[in-house]
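Colleague: I'm new to reading protein models and would like a close look at one part. Could you take me through the sheets, and how their strands line up?

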Amino acid sequence: MTTPAGSAHTNLPQTGPSAFDERRPPERDLLDDCVHCGFCLPTCPTYQLWGEEMDSPRGRIYLMDLAEKGEIDLEGPFTEHIDRCLGCMACVTACPSGVQYDRLLESVRPQIERNVPRERSDTWFRNAIFALFPYKRRLRAAAVPGALYQRIRKIPGIAALAAKLPGRIGAMESLLPPVSLREAFAQLPVHTPAVGERRARVALLSGCVQDVFFHRVNAATVRVLAAEGCDVLVPRDQQCCGALELHAGREDSALARAKREIAVYEKLDVDHVVTNVAGCGSSMKEYGHLLADDPEWAERAKAFSSRVRDVHEVLADLGPRAPRHPFPRKVAYHDACHLGHAQQVRTQPRDVLRSIPDLELVDLPEAAICCGSAGIYNMVMPEAASELGARKAANVRSVEPDVVVTANPGCLLQIGKHLGGDLPLLHPVQLLDASIRGVPVPRS
C-alpha cells in the first residue's frame, strides 16, 4: 500500500512540533484510520475535475498527517488544497474503512482561519460574505436594492455588462436569487395549529437566506407539517444557526450562534426541532459533538441535537395522512450533499415524494457528485464551482424531467444558474404542499 505521491505510508515518530495549535487539532487516531485505498476518488468532485492526488480526500489526509508531524506548515500548498475541498462528504459515504473525513476537515479549517494569513482581497471578500449572510435584517435591507437591480438587469445592455463581471464578483451576481420584497419581509406565524388530531409538536428553524429569499419554502413547510398533524412553532427570537460559518472554519462565531440557538429552542416543549435546509440541519445535529468539551454547554447541546430532524424525516416517520392530488409528471431528485452524505437522509425525501399520486421519481446520474454550491464555495472558488454546476445541469437534462427538486437553497441557486431557467426548481415540500392543497405547482 502506498500513499499519495507514491511514498510509503508513514507511521514515523514526530519529526518536529506540530503545525497545528493545541485547540482541537485533527486527532491522530482519525488520521491513521485512512489506509489510502482510493475508494473515495470516484466520488470526490475536485479529484474528478483535476485528477490531482492532493485534491482528493486521501491526499488531503496525507497533508494533515504531515502537518501534524511537523513535516510541513499550514501556509502555501496545505491551505490551497484544503480550501479547494467542497466539504461535500461524499468520501465519508464511499469509504469502506469508516474514515471520518468530516471530523478531520471540521478540525483543520479553523486551524487555517486562526493561523494562516490570507491575502487582503481574500480576507475582505470572506468578511463581506459573513457580514451579510448570517443576519436576517441585513439580508432584508439588501433585498431592497437587490429587487431594483433585478429590474434594471433586464435592460439588454445592463445584462450584457453583468455577464462580463469577473471572478468572484461575477459569481455572486449570477447567483442572486429572485427577489420579492413581499416575500423578503414576510413573517411566519409564531404558532400554527395541527389540522385535525395532533400527532406531533415541532419547532421550525426559519433560517437566514432561507427565510428572506426562500420564504415560500418555509411557508410551504409550515402548511405541510400542519396538514400532517403537527403543531408548528416558529420562535421569533431565533437567529442564524452558524452553519455557513462552521463549514468555512469560523469556529468561534459559529459556536456562539449554536449556543444562542440552543438557548432559544431548549425552552420549547416540542418533540422535534425541524429544519428544511440541508446545511443547517447537518450543523445543528453536530452541536453535541462541537460543544462536547464545554462543561456548561455539553449536555445542553447533546440534548438539543438529539431533537433535530430534517423535515423529510419527520414526514416519513409520521406517514401520509392528508389527501394528495395527483401530479403526473417526471420529477428529478438531487441529493443535497449535507442531507445525503452528512446526515445520511436519502430514502425519506424519496418516500415523501412517492406519496404523491402518479408522480414519476427519477434519480440523477453521478448523484454523489456535488453541484458546486457547498456553502460559500461557489463564491470563493467560482471556476471549479462553475465546472461542477455545468456537469450537474447536464446530468439533470439527461433524464428529461419536468421538475427538479432538492432540499437546500444553495443547490437550488447553483443548479438553476446552470440550467438557465429551463425547468422549475423546487424544494420537495413545495411539491407536496401543492399536491395537498390541489393548486398548480410553482416554478420556484
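Modeller: Let's start with a term: two strands count as paired if DSSP finds at least two bridges between them. Keep in mind that this is a predicted model.

With that in hand, take strand S6, residues 330–333, which is joined to S7 by 4 bridges, the two running parallel. One of the residue pairs here is easy to find: look for Lys330, and its bridge partner in S7 is Glu360. Now step back to the sheet they belong to. It's an open sheet of 4 strands, and going across you meet them in the order S7-S6-S8-S9, with parallel pairing. At the edges sit strand S7 (360–363) and strand S9 (425–426), each of which pairs on one side only.

Next, the other sheet. This one is open too, but it has 5 strands, in the order S1-S3-S2-S4-S5, and its pairing is mixed. Its edge strands are S1 (191–192) and S5 (308–310), and each of them has a pairing on one side only.

Let's walk through part of that sheet, beginning at strand S2, residues 200–204. S2 pairs with S4 in the parallel sense, over 3 bridges. Find Ala203 and look across to S4: its bridge partner there is Val273. Hang on to Val273, as we can use it to get to S5, where its bridge partner is Val308. So what about the two strands themselves? Strand S4 covers residues 272–275, and it pairs with S5 in the parallel sense over 3 bridges. For another spot along that pairing, try Thr275, which stands opposite Asp310 in S5.

Now for the setting around these sheets. The protein chain comes to 25 helices and 9 strands, so there's plenty of helix on screen besides the strands we've traced. Its C-alpha atoms fill a box of roughly 65 × 55 × 40 Å along the principal axes. Why call the overall size what you'd expect of a compact globule? Because with 444 residues such a globule would have a radius of gyration near 22 Å, and the protein chain has 22 Å, which agrees.

As for the inside, 55% of the 444 residues are buried, meaning under 20% relative accessible area. Contacts reach along the sequence as well: among those between residues at least 6 apart, 76% join residues at least 24 apart. On the outside, the protein chain exposes about 18800 Å², with carbon and sulfur atoms supplying 55% of that.

Technical notes
Residues numbered from 1 in each chain as written. Predicted model: local features only at pLDDT ≥ 70, side-chain atom pairs only at ≥ 80, totals over all residues. Heavy atoms only, no water. Rg over C-alpha atoms; globule rule 2.2 N^0.38 Å. Buried < 20%, exposed > 50% of the residue type's maximum accessible area, 1.4 Å probe, protein only. Contact = heavy atoms within 4.5 Å. Areas by Shrake-Rupley, 256 points an atom, 1.4 Å probe, with all protein chains shown as cover.
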